[in-house]
4 protein chains.
Amino acid sequence: MTTITLDQATQVVDAGLRHARELGLNPLTFAVLDAGGHMVVLKREDTSGILRPDIAYGKAWGALGMGHGSRSLAQRAEKAPAFFTALASVSQGRMIPVPGGVLIRNAAGAVLGAVGVSGDMPDNDEACAVYGIESARLVADPGLAH
Amino acid sequence: MTTITLDQATQVVDAGLRHARELGLNPLTFAVLDAGGHMVVLKREDTSGILRPDIAYGKAWGALGMGHGSRSLAQRAEKAPAFFTALASVSQGRMIPVPGGVLIRNAAGAVLGAVGVSGDMPDNDEACAVYGIESARLVADPGLAH
Amino acid sequence: MTTITLDQATQVVDAGLRHARELGLNPLTFAVLDAGGHMVVLKREDTSGILRPDIAYGKAWGALGMGHGSRSLAQRAEKAPAFFTALASVSQGRMIPVPGGVLIRNAAGAVLGAVGVSGDMPDNDEACAVYGIESARLVADPGLAH
Amino acid sequence: MTTITLDQATQVVDAGLRHARELGLNPLTFAVLDAGGHMVVLKREDTSGILRPDIAYGKAWGALGMGHGSRSLAQRAEKAPAFFTALASVSQGRMIPVPGGVLIRNAAGAVLGAVGVSGDMPDNDEACAVYGIESARLVADPGLAH
């Protein structure tokens with residue numbers, strides 16, 4: 001299998017949402033994209049801000065766009081601000097270099113898609129993304145800090 | 001309550017998807033927007049085309065934009081082509097005047113949001129949207145033909 | 001005076017809204033622009049559709065853009081559809097060739113701005129725009145049919 | 001009621017404008033948006049700059065987009081410049097992280113909409129926004145400094 005299915009994407013989001021409620025986080029928005037960057041599932045919790053769907057989508061899309069989880073992109077953005085300013089434009093707003101955009105891989109390491117989460121502190125957004133992916137028995141790649 | 005909740009939106013989509021499978025339709029994409037036009041739930045069935053999320057979103061957004069279900073908009077578009085060409089531009093692509101964009105009302109008649117469905121013939125898209133809304137015990141307004 | 005003032009624009013909109021209520025029209029949206037096409041006053045009645053501000057703005061802006069009230073533009077659009085398809089693009093969505101976009105002139109004939117109204121049938125939108133302008137003791141130019 | 005009405009929005013703007021005149025501020029522009037980010041009332045004082053409507057709109061929309069008043073967003077923007085560069089793009093220019101974008105809440109704490117003010121120093125813009133909201137007997141949330 002080379003792209004995430006609707007069933008898998010639904011498991012990722014629903015598990016991530018349950019985890020968010022367990023942690024008592026702010027209302028969150030989750031977006032799961034397939035390997036081509038196209039939306040498969042989106043869910044926005046009640047009162048989650050109206051820009052959150054685009055931010056969640058941008059965290060996931062940017063990770064797929066560069067081939068690295070957004071935690072890595074956040075690190076790079078600090079060192080190469082001009083590059084990331086340009087990326088904001090060339091990606092048409094689909095590049096959000098902040099933790100919370102996590103690549104989804106299968107056991108063989110192939111990228112099946114990505115999930116983006118927005119609404120709380122970035123570390124918490126990322127934690128829910130990782131929890132959701134692992135609940136679906138897939139491999140989470142948030143872009144490890146080196 | 002004057003805007004659709006995540007729970008209600010999830011019921012609408014999941015029921016609509018079940019109905020689509022019962023009818024043996026093409027893979028579908030469902031988008032439920034709140035009363036302000038912002039995405040609450042999106043689900044795209046496996047192999048549903050990559051433009052379908054935008055079409056589903058546009059059917060729902062256009063209905064909210066004009067205050068009429070997309071079946072009515074389809075009728076108007078036939079009579080007023082210049083107006084709808086202009087609307088395609090002013091709405092930034094969020095106006096799809098084809099059946100399948102259905103307003104969601106509560107028992108008091110207030111608009112809670114809208115659902116857009118894309119992937120099969122428009123009449124079938126609309127039928128699944130209506131089924132989903134009614135399964136969530138809300139009122140479907142597809143824009144009746146006059 | 002060569003551009004409409006906030007006080008005048010407010011009179012136009014408030015009188016137009018009163019007239020709409022007297023006529024029992026659908027909820028309306030009014031936008032008054034100055035001679036440079038920039039918004040001076042906008043008011044959207046409760047439950048008026050979420051695209052109505054852009055449509056009202058586009059009716060007014062398009063009239064200023066071409067120097068003719070939108071009733072004239074509607075006539076032209078029927079005869080020159082390719083031109084108006086192009087105008088939808090070049091104006092970036094600020095050209096709505098449907099009645100309801102009315103130029104505002106002073107007694108000397110100078111254009112002070114324009115008002116755009118959206119929400120009911122175009123003839124009614126236009127009637128409220130004209131009523132508002134005349135209540136402010138200015139001259140309404142809706143683009144007369146020739 | 002969970003979204004601001006035209007009457008309330010008009011009270012907010014008119015009171016804010018009176019306050020601005022009492023304080024002898026530069027000409028201001030006020031934009032009140034509903035909970036979905038759509039314009040309800042806009043007023044631009046004579047000679048207020050032609051970009052001010054978009055700035056006022058962006059201050060309000062950005063606050064709704066993130067769920068925080070723009071004073072908080074201004075603080076965050078200093079600490080997370082790459083994130084806000086990305087947000088400027090993903091929000092399509094509807095994110096102005098400068099004081100003057102104030103969320104409007106009801107007594108129960110629900111967000112009814114937001115007001116954005118532009119034209120003087122940001123602290124003064126914000127003061128007029130807060131004054132207007134409180135004159136309408138609603139609760140102002142400018143995004144408190146922590």
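Through which surface do the copies, chain A and chain B, meet? In this predicted model, 100% of the interface residues of chain A are also interface residues in chain B, so the copies meet through the same surface. The superposition fits this picture: a turn of 180° with a shift of 0.0 Å along the axis lays chain A on chain B with an RMSD of 0.1 Å. The two copies are thus related as by a two-fold rotation axis. Within chain A, the residue whose C-alpha comes closest to that axis is A:Leu42, at 2.5 Å.

A:Leu42 is also a good place to start looking at the strands, as it stands opposite B:Leu42 in E2(B). The pairing of E2(A) with strand E2 of chain B (residues 39-44) is antiparallel and runs over 3 bridges.

Turning to the whole interface of chain A and chain B, 17 residues of chain A are in contact with 17 residues of chain B. About 1400 Å² is buried between these two chains, with carbon and sulfur atoms giving 55% of the area. On the side of chain A, the residues that lose the most area to chain B are A:Leu6, A:Met39 and A:Arg44, which together make up 36% of what that side buries. Polar pairing is found here too: there are 2 salt bridges between the chains, and one salt bridge joins the side chains of B:Asp34 and A:Arg44 at 2.7 Å, N to O. In addition, 11 residue pairs are in polar contact across this interface. Helix H1 (6-23) and strand E2 (39-44) are the elements of chain A that give two or more residues to the side touching chain B, and E2(A) supplies the largest share, 6 residues. By residue class, that side of chain A divides into 9 nonpolar, 3 polar and 5 charged.

Chain B also meets chain C, and here the contact takes 16 residues from chain C and 17 residues from chain B. Together the two chains bury about 1300 Å², 73% of it on carbon and sulfur atoms. In chain C, the residues losing the most area to chain B are C:Ile50, C:Leu51 and C:Arg52, with a combined 43% of what that side buries. The count of salt bridges across this interface is 0, while 5 residue pairs are in polar contact. The elements of chain C giving two or more residues to the side that touches chain B are helix H2 (52-66) and helix H4 (81-90). The residues on that side of chain C comprise 9 nonpolar, 5 polar and 2 charged.

Technical notes: Residues numbered from 1 in each chain as written. Chains lettered and ligands numbered in written order. Predicted model: local features only at pLDDT ≥ 70, side-chain atom pairs only at ≥ 80, totals over all residues. Heavy atoms only, no water. Least-squares fit on C-alpha atoms with pLDDT ≥ 70 in both. Contact = heavy atoms within 4.5 Å. Buried area = accessible area lost by both parts, 1.4 Å probe. Salt bridge = Lys/Arg side-chain N within 4 Å of Asp/Glu carboxyl O. Polar contact = N/O pair within 3.5 Å; in protein donor to acceptor, adjacent residues only side chain to side chain. Helix = DSSP H or I, 4+ residues; strand = E, 2+ residues; numbered from the N terminus. Nonpolar A, V, L, I, M, F, W, Y, C, P; charged D, E, K, R; others polar. Pairing = 2+ DSSP bridges.
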